[in-house]
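Work through the exercises below with the sequence and the model side by side, and try each task before reading its solution.

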Amino acid sequence: MSFILGLTGGIGSGKSAASQWFETQGITVVDADIVAREVVAKGQPALEQIHTAFGDWVILDNGELDRTALRDYIFKDASARQQLEAITHPAIRQSLIQQLAAASSPYVILVSPLLFETNQHELTERTLLIDCTVELQIQRAGQRDGQTIEQIKKIISVQMSRENKLELADDVVLNDGKLEHLYQQLARMHQFYLKHSATKNSADNH
């Protein structure tokens, strides 16, 4: 099995730009956000459970999950968020484990905005944080998502604090706004992870 790297960062930190760069180097990326959407797709058991738990209002006319309504609802109600996570997190974790195990690149990346919050870091052997200031997060997310500053601040407030993430991460790359600078740092980390995975593979084979 490949060496698994966990990649995280808050909203607007640049973790998507980082994961895309790793993909251009031939590294398999398993995206927890994509998996989170897949497990609540039409016909999936988790969607049925959400429907049962919350009622008809969470389902659109086409039978799909009304993400916006549900997201707004759980932001206002912490117990509802916990109820939703109790349904979705086990399904997400199971799918992540299967996809990570199937990867054949020298190492594989699990990219997740909630890597530490949901204990997904337990699936990884090392973690990389894409870090930036809260001011930059708000600026970037506002330009990209068309969300209000209030909405972005709300998202940041439910994510783990920058300080805590910095303490927990094994490796940190500062994304201060210049893509070339980000890529230079990632290139160094990539070489380090290739060496790390080679060492692990030779140890596994003995």
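## Exercise 1: a strand and its two faces

Along β5 the side chains alternate, with Asp171 and Val173 pointing to one face and buried, while Val172 and Leu174 point to the other and are not buried. This is a predicted model, in which local features need pLDDT of at least 70 and side-chain atom pairs count only at pLDDT 80 or more, while totals for chains, interfaces and linings use all residues. Residues are numbered from 1 along each chain as its sequence is written, and side-chain values use heavy atoms, with hydrogens and water left out.

Task: place Asp171 in its strand and describe its surroundings.

Solution. Begin with the strand: Asp171 lies in β5, residues 171-174, where strands are DSSP runs of E with at least two residues and helices are runs of H or I with at least four, numbered from the N terminus. Next, consider burial: Asp171 counts as buried because its relative accessibility is 8%, and buried means under 20% relative accessible area, exposed over 50%, and partly exposed in between, with a 1.4 Å probe and protein chains only. Then look across to the neighbouring strand: β4 and β5 pair in the parallel sense over four bridges (pairing requires that DSSP finds at least two bridges between two strands), and Leu128 stands opposite Asp171. Finally, follow the side chain of Asp171, which makes polar contacts with the side chains of Arg126 at 2.8 Å and Tyr193 at 2.7 Å. A polar contact is a pair of N or O atoms within 3.5 Å; within protein, one must be able to donate a hydrogen and the other to accept it, and residues adjacent in sequence count only if both atoms are side-chain atoms.

## Exercise 2: a loop residue

Task: is Thr118 buried or exposed, and which residues does Thr118 touch beyond four places in sequence?

Solution. First, locate Thr118 in the loop between β3 (107-111) and β4 (126-131). With a relative accessible area of 15%, Thr118 is therefore buried. A polar atom of the Thr118 side chain lies 2.6 Å from the backbone oxygen of Leu114. Leaving out residues up to four places away in sequence, Thr118 touches His89 and Arg93, where contact means heavy atoms within 4.5 Å.
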